[in-house]
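Hi everyone, thanks for making time for this. Let me put the structure up, and then we can walk through a few parts of it together.

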Amino acid sequence: MNSAGTSAPPASAALRAVHVTKKFGGLDALKDISIDVPQSSIVSLIGPNGAGKTTLFNMLTGLYRPTEGSILLGERDITRARADVITGYGVARTFQNIRLFGAMTATENVMIGHHARMRAGLFGAILRPPWVRREERETRARARELLAYVGLHESVFDRLASQLSYGDQRRVEIARALASQPEVLLLDEPTAGMNPRESHALTEFMRKLRDELELTILLIEHDMKVVMDVSERVTVLDYGEKIAEGEPAEVRTNPRVIEAYLGRQE
Amino acid sequence: MSELRAQLREWRDAVQKRLPPWRSRALAGLLIVIGIVLPFFFPPSSGFMNATIIAVAYAVMALGLNVVVGFAGLLDLGYVAFYALGAYSLGWFGSGFFFKAHVHVLVSPVTRTLPGIHLNFILLLAGAAIICAVAGMLIGLPTLRLRGDYIAIVTLAFGEIIGVVAVNGQSVGVGGGMTLTAGNLGISAVDQPYFPGIGLFDLLNLRPWYWLILAIMLFVLFVNLRLRDSRLGRAWIALREDEIAAVSMGIPLVRTKLLAYSIGAAFGGMSGAFFGTYYTEVNAGQFQFGFSIFILAMVIIGGLGSIWGAVVGGLALGYINNYLIPDVLNGLPGKFGLNFQLTQVEFGIFGFLLVIMMLLRPQGLIPERRRRLELTAKIAAEDSQLMEAQGTIGGST
Amino acid sequence: MPVQPLVAVRRYVGRWGLIVALAALPIYYGIHDLTYGYQAGYVAGHAVFRQDLSMLGYDLAQGLSNGAIWALIAIGYTLVYGIIELINFAHGDVFMIGSFTAVGLWGTFGLGLSTGALGLVGGLLVTLIITMIVTGSLNVLIERVAYRPLRNAPKLAPLITAVGFSFILQNVGLLWRGGSPQSVPDLIHVQQTVFSIAGVPIQRGYLLALAVMVPLVFALGWFISRTRAGRAMRATAQDPEAARLMGINVNATISLTFLLGGMLAGAAGLVYALYETNIWYFQGFKAGLIAFTAAVMGGIGNVRGAVLGGLIIGVIQSLADSRIGPQWTEAVVFGYLIAIMIMRPRGLLGEETREAG
């Protein structure tokens with residue numbers, strides 16, 4: 001049984017990093033990291049700033065290539081795969097500093113998320129046969145559904161992303177990630193800048209994603225309340241190394257973890 | 001000052017709200033009609049028509065560069081390369097230049113007797129587009145991982161190399177005593193367009209030329225509009241806005257960027273082919289770096305990323321360059337007692353316009369965003385009708 | 001996809017690959033000269049052939065002195081790029097204005113072919129100082145008007161204004177001295193051989209170029225490493241925000257960078273006028289691209305790299321001129337530029353450029 005109280009899902013890992021190391025020139029950003037994210041679970045990745053969490057995310061999504069080690073999505077080795085291909089395989093992410101496309105509306109941003117699942121190419125764009133028209137209509141409708149699903153009001157659907165409030169932008173980013181119909185969702189500090197009520201709403205939402213859409217969620221978080229509340233498992237990084245892993249309650253009382261966050265007790 | 005602007009904006013919005021939703025379509029239709037009947041108000045060989053023809057051809061160029069710089073955000077400073085390649089496609093396959101060959105496809109009876117390769121103009125147009133599309137990909141390939149300013153330099157370097165090849169091509173043999181280009185002397189006696197039933201164009205009657213380039217421009221405009229509101233167009237803008245995020249959302253970087261270069265180049269090539277036949281010669285002196293900046297100025301002044309902006313920019317600068325400055329205002333400095341003609345400070349004027357535009361109104365005359373907002377308001381209205389019909393309105397949280 | 005093998009090749013090219021590619025031309029022609037010989041001119045109606053390295057030596061000497069001029073201009077590009085990550089497109093044209101100003105001053109001072117040695121040296125020195133002040137100020141002005149207001153705009157904007165200014169300056173040159181290259185008096189008899197090294201004649205022009213470049217480069221190096229203002233430049237280049245927080249006046253530092261770059265371009269302009277005995281409103285555009293190639297080749301942001309790059313490009317140019325034909329030289333230089341940008345954008349001495357955003 002895990003801390004969420006439900007029976008444990010089958011042990012197959014949706015996403016796995018196996019002995020991953022990343023060096024930038026002389027700097028070791030990540031040293032021999034192995035992490036398993038089980039299917040349909042919510043796992044948190046925590047650690048002080050600079051521990052390498054976002055670097056790990058970047059490797060899981062194909063923006064960086066590991067210096068050593070491999071990354072597996074289910075059975076598939078995605079270590080050397082390009083970022084856009086990995087999205088096609090079913091991994092989606094949000095960013096720590098929201099990276100929406102400012103010159104596009106919220107709806108269009110979400111439609112972009114669906115890019116990998118659409119088929120219209122150059123000639124489809126120019127000739128616009130009926131199937132392309134249908135694809136566009138359906139993508140747009142689906143985008144608006146997703147925006148509603150993440151809790152946005154219709155009035156902002158057609159506003160430029162750069163004109164939305166911070167909270168709304170965060171939601172649009174999640175909707176955009178969901179538009180690619182992922183199996184695995186990586187959220188990078190999703191509750192940054194939120195108040196406790198909003199954070200709680202987000203944790204509820206994450207559970208809903210896991211239960212309704214059968215998503216596997218890996219999140220980077222600094223808000224310990226969220227981490228304790230929603231995670232089935234927590235992995236802790238510090239200076240590029242994994243220093244602890246386990247259920248939230250265990251990790252919280254782990255002395256090495258406390259030391260990493262608070263500094264050595266002299 | 002800002003109060004005045006706010007007031008103006010309010011008035012403009014009020015006026016816009018009162019106009020019916022089919023306003024923009026009607027306006028576009030009206031412009032097209034005006035465009036078609038325009039020649040009848042001028043004599044068949046008027047200087048104004050000449051300037052207009054050139055201006056419309058420039059608009060096609062601007063539309064092409066707008067795809068590369070405006071949509072995809074790739075700063076291409078070597079666009080003159082595609083003007084050159086388009087024109088040379090015509091010089092090679094639509095004249096007596098390759099005098100050893102004897103190929104004739106759908107050309108006028110007179111042309112059929114001439115040596116060289118002579119293809120029908122539509123074929124030449126398509127050929128120029130294809131050649132430039134391939135060239136665009138080749139030029140774009142090295143720039144894929146580079147940052148913005150480096151892309152500028154590499155494309156500039158390619159443009160220069162093509163210029164050098166154009167000049168020196170007269171010493172590069174391609175067999176049978178023929179050379180690659182005619183250098184600065186130029187390939188002359190380039191074919192004029194011929195359509196069965198319409199006949200052979202000649203430069204005494206500019207009207208058919210005008211309708212031809214207008215048709216080309218409308219075609220390019222149509223393709224542009226379709227592209228912008230498509231999956232590909234969105235992908236370009238996403239890449240422009242944030243390459244990392246775009247790639248993370250599943251947009252293939254290489255393919256999408258290369259498509260931008262190709263399409264932009266193809267349009268430039270089509271316009272270049274037209275220029276080749278209109279000027280009746282293709283010589284290396286026509287292909288200087290300044291031309292790349294000229295087209296870039298059109299796109300920027302018109303509005304980066306804005307299709308209508310590119311058209312307006314192309315037309316405006318085309319007129320200024322070929323009509324306003326040489327014909328109308330040339331003597332202006334003389335009237336102030338200054339010892340030069342306006343044509344001599346042409347490039348300085350364009351440089352100045354670029355600087356002023358960037359400092360005062362970087363979004364250009366017709367900004368991209370505004371149109372976007374208009375369009376989405378229209379789509380939102382359509383979509384909520386759609387969603388009501390399907391019964392899927394609203395959602396749960 | 002065609003890109004993957006390219007990436008793999010790039011990884012293996014490295015600095016040595018670049019050096020080999022650069023050395024390829026001189027080595028090839030050196031071997032060619034030694035084995036096949038070359039035509040060194042005509043004597044009594046017969047072509048004279050030689051099989052030694054003296055023609056290569058001549059090319060090298062010529063190339064290095066040309067390169068000294070490019071080095072001076074390249075430093076301006078590299079300093080500006082290092083501090084605000086902008087290609088100062090107008091820099092080459094500032095160089096051209098420098099040449100024009102220098103020639104104009106010769107007229108004002110009455111420097112001509114008949115001026116005595118002392119008067120000539122004095123006059124040229126004064127010309128140098130005034131020209132450097134003019135071009136330095138011009139560069140500062142451009143920064144103030146065209147770049148500073150756009151510092152927070154997307155990178156495209158200042159690049160456009162830079163191009164715009166380049167055009168304005170070119171037009172100024174065009175109006176000043178017309179559209180064709182203008183001959184200027186050969187004040188120092190630039191082609192006179194002073195002495196020979198291993199059979200290679202060393203012309204006055206070569207010595208001039210080096211005599212101007214070397215002290216200026218050293219002075220700049222001293223300035224950057226020993227003075228407070230120089231340290232401010234280095235700090236700002238590394239991290240403008242941190243520099244600001246430490247009390248450095250970033251705006252003034254940037255202006256200073258433009259001033260120094262502009263001054264060097266002015267010096268290059270004077271040397272160019274003396275060396276080529278020819279000025280042209282379009283020379284700045286050409287020189288600018290060559291000098292920028294040099295800056296990139298050496299490693300953009302790195303002053304020593306700019307000097308090295310300038311010299312190397314000068315040699316490549318001179319070899320291309322004499323062996324392949326001057327009408328192709330531009331294509332060769334730009335071919336190298338493109339190859340460097342693809343294979344090793346950070347050049348010889350530059351640092352790793354960040355790849356992922």
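How many residues of chain C are in contact with residues of chain B? In this predicted model, 38 residues of chain C meet 37 residues of chain B. On the chain C side, the elements that give two or more residues are helix 5 (156-177) and helix 12 (326-343). Helix 5 of chain C gives the most, with 15 residues. As for the chemistry, this side of chain C divides into 28 nonpolar residues, eight polar and two charged.

Let's stay with chain C and turn to helix 9, residues 250-276. With 27 residues at 1.5 Å a residue, helix 9 should span 39 Å, and its end C-alpha atoms are 38 Å apart, so the two values agree. Of those 27 residues, 21 are buried, so helix 9 of chain C is largely enclosed by the rest of the structure. Just after this helix comes Thr277(C), which has a positive phi, near 50°.

Now over to chain B, and helix 8, which covers residues 231-241. Here ten of the eleven residues are buried, so this helix too is largely enclosed by the rest of the structure. Among the buried ones are Trp236(B), Ile237(B) and Leu239(B), and also Arg231(B), Arg234(B), Arg240(B) and Glu241(B).

And what do the buried residues of helix 8 of chain B pack against? Within chain B, the partners are helix 3 (47-71), helix 7 (206-228), helix 9 (243-248) and helix 10 (253-278). Chain A takes part as well, through its helix 3 (106-113) and helix 4 (122-127).

That's my tour, so over to you for questions.

Technical notes: Residues numbered from 1 in each chain as written. Chains lettered and ligands numbered in written order. Predicted model: local features only at pLDDT ≥ 70, side-chain atom pairs only at ≥ 80, totals over all residues. Buried ≥ 20, exposed ≤ 12 C-beta atoms within 10 Å, placed from the backbone. Helix = DSSP H or I, 4+ residues; strand = E, 2+ residues; numbered from the N terminus. Contact = placed C-beta atoms within 7 Å. Nonpolar A, V, L, I, M, F, W, Y, C, P; charged D, E, K, R; others polar. Expected span 1.5 Å × (residues − 1).
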